Amino acid sequence: MLAPNHAGGSTDSKLLRQEAGQWLKQLRESRKLTQRELAERVNINYYTFISQIEAGKGRVPPESYQLWADALGVDRVEFVKCLLGYYDPYTYRALFGDLSAAEGDIVPTGDSDTAAEAAR
């Protein structure tokens, strides 16, 4: 059974997906990548899928988290942790407590294998 505000049609989950999309868009733009370039890096044939994710109409597929983190030059664990805060805040809270950490921005440290998370 799903949690009350976590059903697929929930307004809250739609808003969180939109926020995740905006966060991903900001990450992509800060790396000076176009949607087409990101799509190529994450092995997606249609860059419009990136647009759908950024608009909150889709989600990053879990099997491609590593590709996305690498493509965006961020730490995989921090990337997935932030996505979890948007996509599944109940699980995030169960694992990490305070949700505010997931609302931060991942910033590159100059090394594509590491990243720091800064609170908004």
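Visitor: How should I read the way helix 5 and helix 6 lie against each other, and at what angle do their axes cross?

Guide: Two packed helices are described by the angle between their axes and the distance between the axes. In this predicted model, the axes of helix 5 and helix 6, the latter spanning residues 89–96, come within 5 Å and cross at roughly 125°. Helix 5 and helix 6 are therefore described as oblique to each other, since an angle over 145 degrees would be needed for roughly antiparallel and one of 65 to 115 for roughly perpendicular.

Visitor: Which residues of helix 5 and helix 6 meet, and how do the residues of that contact divide into nonpolar, polar and charged?

Guide: From helix 5 come K81, L84, G85, Y86 and Y87, and these meet P89, T91, Y92, L95 and F96 of helix 6. The residues of this contact between helix 5 and helix 6 comprise 7 nonpolar, 2 polar and 1 charged.

Visitor: Where do these helices sit in the overall plan, that is, how many helices and strands does the protein chain have?

Guide: The protein chain has 6 helices and 2 strands, and reading along the sequence gives the pattern α-α-α-α-α-α-β-β. Of the 120 residues in the protein chain, 39% are buried. If one takes the contacts between residues at least 6 apart in sequence, 53% of them join residues at least 24 apart.

Visitor: How should I read the nonpolar core, and which residues have the most contacts inside the largest one?

Guide: In soluble globular proteins, nonpolar side chains tend to be buried together. Here the largest nonpolar core has 24 residues, and those with the most contacts inside it are L24, W68, L72, F79 and Y87. At least two residues of this core are supplied by each of helix 1 (11–30), helix 2 (35–41), helix 3 (48–54), helix 4 (65–72) and helix 5 (76–87).

Visitor: If I centre the view on L24, which residues is L24 in contact with, leaving aside its neighbours within four places in sequence?

Guide: With those neighbours within four places left aside, L24 is in contact with I53, E54, V60, W68, L72, F79, L83 and Y87. Among these partners, W68, L72, F79 and Y87 also belong to the residues with the most contacts inside the core.

Visitor: E54 is in that list of contacts, so let me turn to charge: how many salt bridges does the structure hold, and which residues are linked in a network?

Guide: Side chains of opposite charge can pair when their charged atoms come close. The structure holds 2 salt bridges, and they link R28, E29 and E54 in a network. One of them joins R28 to E54, with the closest N and O atoms 2.6 Å apart. Because R28 lies in helix 1 and E54 in helix 3, this pair ties together parts that are 26 residues apart in sequence. The other joins the side chains of R28 and E29, at 3.9 Å from N to O.

Visitor: Are the residues of this network buried or exposed?

Guide: R28 has a relative accessible area of 6% and is buried, and E54 is buried as well. E29, by contrast, has a relative accessibility of 43% and counts as partly exposed.

Visitor: What about the loop between helix 1 and helix 2, and which of R31 and K32 is buried or exposed there?

Guide: R31 is found in that loop and counts as buried at 18% relative accessibility, which falls under the 20% cut-off. R31 and G73 are 42 residues apart in sequence, yet their C-alpha atoms are 8.1 Å apart in space. K32 lies in the loop between helix 1 and helix 2 too, but K32 counts as exposed, at 72% relative accessibility.

Visitor: What should I note about the backbone of K32 and of N43?

Guide: K32 is not a glycine, although it has a positive phi of about 60°. N43 likewise has a positive phi of about 60° without being a glycine; N43 lies in the loop between helix 2 and helix 3 and is exposed, with a relative accessible area of 58%.

Visitor: Finally, which residues is R41 in contact with, beyond its neighbours within four places in sequence?

Guide: R41, which lies in helix 2, is in contact with L33, L67 and A71 once those neighbours are left aside. R41 and A71 are 30 residues apart in sequence and 5.7 Å apart in space, C-alpha to C-alpha. With a relative accessibility of 46%, R41 counts as partly exposed.

Note on methods: Residues numbered from 1 in each chain as written. Predicted model: local features only at pLDDT ≥ 70, side-chain atom pairs only at ≥ 80, totals over all residues. Heavy atoms only, no water. Core = buried A, V, L, I, M, F, W, Y, C linked by side-chain atoms within 4.5 Å. Buried < 20%, exposed > 50% of the residue type's maximum accessible area, 1.4 Å probe, protein only. Helix = DSSP H or I, 4+ residues; strand = E, 2+ residues; numbered from the N terminus. Contact = heavy atoms within 4.5 Å. Axes fitted to C-alpha atoms, helices over the stretch in contact; angles between N-to-C directions. Parallel < 35°, antiparallel > 145°, perpendicular 65-115°, else oblique. Nonpolar A, V, L, I, M, F, W, Y, C, P; charged D, E, K, R; others polar. Salt bridge = Lys/Arg side-chain N within 4 Å of Asp/Glu carboxyl O.
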